[in-house]
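Me: I'm new to reading protein structures. Can you take me through this one with some questions and answers?

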Amino acid sequence: MNLPFRFDKQVLGQAGEDAALQYLTQQGLVLVERNFRCRRGEIDLIMQHHDELVFIEVRKRAYRYYGGAAASVTPAKRARLISAAKIYLQRYKTMPACRFDVVAIDGGAISWLRNAIEAIES
């Protein structure tokens, strides 16, 4: 039975998020929320790391073609992440320290890129 391409991508994406969550938990981060969705976009993982709230984009690629998983975080994707984070942060009375990280999974190799995305206020 052939499954639709979209379903296959969702299953692979979920597996990537599971691997990233396990890896980051082992590094001492604590899960706050998973798959936060709003009208501006989605944030894969929101975690606490010491005194910082961390918004995490997980990218998984089977191979490193075309620059690999980290290179697949386009400027448009970064803008959507920042917009979604701004909406998420509206629930806080006092703005917490926060950052944007990327977990890139190429084949079986996991790379944790801290402060990978800068949110510049205009």
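Reply: Sure, and one bit of vocabulary before we start: a strand here is a DSSP run of E with at least two residues, and strands are numbered from the N terminus. Keep in mind that this is a predicted model.

Me: Okay, in which strand does Asp101 lie?

Reply: Strand S4 covers residues 97-106. Asp101 belongs to that stretch, so with strands numbered from the N terminus its place is in strand S4.

Me: How many helices and strands are there in the protein chain, and what pattern do they follow?

Reply: The protein chain has three helices and five strands. Reading along the sequence, you meet them in the pattern α-β-β-β-α-α-β-β.

Me: In what order do the strands of the sheet come?

Reply: The sheet is open and has five strands, with mixed pairing. As background, strands of a sheet pair through backbone hydrogen bonds, either parallel or antiparallel. The order across this sheet is S1-S2-S3-S4-S5.

Me: Which strands stand at the edges?

Reply: Look for strands with a single partner strand, because one side of each is then left without a neighbour in the sheet. Those are S1 (30-38) and S5 (109-117).

Me: What does the twist average from one strand to the next?

Reply: Picture stepping across the order S1-S2-S3-S4-S5. From one strand to the next, the twist averages 30 degrees.

Me: Which residue in S5 is the bridge partner of Val102?

Reply: S4 and S5 pair in the antiparallel sense, over six bridges. For Val102, the bridge partner in S5 is Leu113.

Me: Is Asp101 buried or exposed?

Reply: The cut-off you need is that buried means under 20% relative accessible area. Asp101 has a value of 1%, so Asp101 counts as buried.

Me: Which residue's backbone nitrogen does the side chain of Asp101 reach?

Reply: Asp101 has contacts with residues well along the sequence, among them Trp112, Leu113, Arg114, Asn115 and Ala116. One of these offers its backbone nitrogen to the Asp101 side chain at 2.9 Å, and that residue is Asn115.

Me: Which residue does the side chain of Asp101 meet in a salt bridge?

Reply: The structure holds eight salt bridges. In one of them the distance from N to O is 2.9 Å, and Asp101 is one of the two residues. Both residues of this pair are buried, and the partner of Asp101 is Arg99.

Me: How many residues apart in sequence are the parts that Arg99 and Glu52 tie together?

Reply: The side chains of Arg99 and Glu52 meet in a salt bridge too, at 2.5 Å from N to O. Arg99 counts as buried at 6% relative accessibility, while Glu52 counts as partly exposed at 22%. Since Arg99 lies in strand S4 and Glu52 in strand S3 (residues 52-61), the pair ties together parts whose separation in sequence is 47 residues.

Me: Are Arg59 and Glu57 buried or exposed?

Reply: Their side chains meet in a salt bridge of 3.0 Å, N to O. Arg59 has a relative accessible area of 18%, and Glu57 comes in at 2%. Buried means under 20%, so Arg59 is buried and Glu57 is also buried.

Me: Which residues do salt bridges that share partners join into one network?

Reply: Here the thing to look for is shared partners, and the residues joined into one network are Glu17, Asp18 and Arg34.

Me: What is the relative accessible area of Ile46?

Reply: Ile46 has its place in strand S2 (residues 41-49). Ile46 touches residues including Val30, Leu31, Phe55 and Tyr88. Ile46 is buried, and its relative accessible area is 0%.

Me: What distance separates the C-alpha atoms of Ile46 and Phe100?

Reply: Along the chain, these two are 54 residues apart. In space, their C-alpha atoms are separated by 9.5 Å.

Me: Is Cys98 buried or partly exposed?

Reply: Cys98 sits in strand S4 and is in contact with Glu52, Leu53, Phe55 and Leu89, leaving aside neighbours within four places in sequence. Its relative accessible area is 31%. Buried needs a value under 20% and exposed one over 50%, so Cys98 is partly exposed.

Me: Last one: what percentage of the residues of the protein chain count as buried?

Reply: The protein chain has 122 residues, and the share that counts as buried is 37%.

Notes: Residues numbered from 1 in each chain as written. Predicted model: local features only at pLDDT ≥ 70, side-chain atom pairs only at ≥ 80, totals over all residues. Heavy atoms only, no water. Pairing = 2+ DSSP bridges. Helix = DSSP H or I, 4+ residues; strand = E, 2+ residues; numbered from the N terminus. Axes fitted to C-alpha atoms, helices over the stretch in contact; angles between N-to-C directions. Salt bridge = Lys/Arg side-chain N within 4 Å of Asp/Glu carboxyl O. Buried < 20%, exposed > 50% of the residue type's maximum accessible area, 1.4 Å probe, protein only. Contact = heavy atoms within 4.5 Å. Polar contact = N/O pair within 3.5 Å; in protein donor to acceptor, adjacent residues only side chain to side chain.
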